[in-house]
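The following exercises, each with a worked solution, concern the surroundings of bound ligands and the two sides of a helix. Please work through them with the sequence and structure at hand.

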Amino acid sequence: MTLLDTDTLPSTDHVSVVLRSVRHRSPGESVFHQAVEEVLAALGPVLDRHPEYVEARILERLCEPERQVMFRVPWVDDTGQVQVNRGYRVEFNSALGPFKGGLRFHPTVDLGVIRFLGFEQIFKNALTGQGIGAGKGGSDFDPAGCSDAEIMRFCQSFVTELYRHLGEHTDVPAGDIGVGVRELGYMFGQYKRIVNRFEAGVLTGKGVGWAGSHARTEATGYGAVYFLREMLATRGGTLEGRRAVVSGSGNVAIYAIEKAHALGATVIACSDSGGFLVDDAGIDVDLLKDVKEVRRARLSAYAAERRSATYVTTGSVFDLPCDVALPCATQNELGEQHATALIRNGVQAVSEGANMPCTPGAVALFRDAGVLFGPGKAANAGGVATSALEMQQNAARTSWTWAETESRLENIMRDIHDHTRATAATYTDDADNYVAGAAIGGFIRVADAMLAQGVV
Ligand SMILES: NC(=O)C1=CN([C@@H]2O[C@H](COP(=O)(O)OP(=O)(O)OC[C@H]3O[C@@H](n4cnc5c(N)ncnc54)[C@H](O)[C@@H]3O)[C@@H](O)[C@H]2O)C=CC1
Ligand SMILES: O=C(O)CCC(=O)C(=O)O
């Protein structure tokens, strides 16, 4: 099957033809198919009003990355053994700016995972309004249990191939699962050594002392909570006094918890891949940061040190009664069973800090039950938006204050929320349909730029 001869079909047929083709051309990439399906399912009303998108084959072009590279990453472990991993960078769309998106180091990474994440990035980055295109990359390297020296050698080898594809005007990676300021530091150092240039804007998420931006570390988690606050406000609610659960205990989760507390909620639980932590007194963020960021230990170490906390290895963090939930770990972690439990326990809003953490079935249950649901494309866009702010500071060789940067993040999240809601109201008559609003809102910005730039 090819991507041809679809422009005379009504939009729903057009969408299914494109979907069939995507499945055919990328067999086995189930999470990529899932991400494409979710976006395309929302686009019918736009395609009906704008046949020019169909004629210009915008959907077909959006689903095909501009470029993708896969490469060998050989490195030597501490015992002197040679290890070989696979590296990826998928440069999805540059209609709005340089390719932009994080790098994930996790043993589950494969091409389909990176393509799903890169595809999501197209719409998310467009929603930020910050002039950034979309890409994603990573490796099946597992940092768990590696020494600092092993992490450095891996990062250096990874960048020794990847550097030729990067550049402040070309492709600008950042962090994601398994990649934080330590890994970005090793990659930046190796990039600088190879190109013999201090090209600050080639990576974001850098340390504040070496051309990084204030608030980038905090931005994704803070942003997801700002988005949650905006959703609650549409029903006259606030976060004050709310019980919250957060999944994950990495970068996004930690700062979601910190901001939720700052806005008056009490986060009573978070999780890692081995289980979850319940702390009815509210998670102690300083202790959590010490355990996860400094000691790089498991959550059980937190429970061992705090009387009000227990670490549970059966069931799910989403089984706990709460008013709001923030899934901040990984894709498809919140399924129909979890959604049913959350709804039964009275959850009022869910804001996705992770990328696609809720399965389609779970999203449908939330929507049917009238639970406010903020999809990751909109709700977790604060991270990449602040990366764009970092690029702006790097280009101007300046550094804004914490207050200036954080206030820009807050305004961007409010704008994303309002734009998503207004788009949903225009195209679906249901302002609460943030899923459609985010997909359509991001799509229109990218599609218009692609139309203007011709067939490229
Ligand atoms: N770091 C960022 O700025 C952004 C991250 N995201 C998304 O947020 C999510 C979390 O990313 P980070 O906090 O940056 O990563 P991280 O590496 O700091 O933390 C990842 C967390 O997820 C858990 N986790 C990872 N894989 C898992 C699995 N297979 N099963 C159960 N738990 C698992 C880990 O235990 C850890 O708590 C990911 O979906 C990522 O794509 C989205 C936007 C920006
Ligand atoms: O800051 C960035 O460039 C990327 C953040 C990211 O990977 C994401 O939004 O999922």
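**Exercise 1.** Determine how the residues of the shell around ligand 1 divide into nonpolar, polar and charged.

*Solution.* The shell divides into six nonpolar, 16 polar and three charged residues, where Ala, Val, Leu, Ile, Met, Phe, Trp, Tyr, Cys and Pro count as nonpolar, Asp, Glu, Lys and Arg as charged, and the others, Gly among them, as polar. The model is predicted, so local features need pLDDT of at least 70 and side-chain atom pairs count only at pLDDT 80 or more, while totals for chains, interfaces and linings use all residues. Residues are numbered from 1 along each chain as its sequence is written, and chains are lettered from A and ligands numbered from 1 in the order in which they are written. Next, of the 25 residues around ligand 1, those that come nearest are G250, V252, A329, A354 and G383; a residue is near a molecule if its C-beta atom, placed from the backbone, lies within 6 Å of it.

**Exercise 2.** Identify which residues surround ligand 2.

*Solution.* Ligand 2 is surrounded by K100, G101, G102, K124, A174, D176, T204, N355, G383, V384 and S387. By class, this shell holds two nonpolar, six polar and three charged residues.

**Exercise 3.** Find the buried residues of α1, and explain on which side of α1 they lie.

*Solution.* Helix α1 (a DSSP run of H or I, at least four residues, numbered from the N terminus) has S11, H14, V15, V18 and V22 as its buried residues, buried meaning that 20 or more other C-beta atoms lie within 10 Å of a residue's own, and exposed that 12 or fewer do, with C-beta atoms placed from the backbone. Because these buried residues cover an arc of only 100° around the axis, they lie on the same side of α1, the arc being that of the directions from the helix axis to the C-beta atoms. The face turned away from that buried side carries the exposed residues D13, R20 and H24.

Methods:
Helix = DSSP H or I, 4+ residues; strand = E, 2+ residues; numbered from the N terminus.
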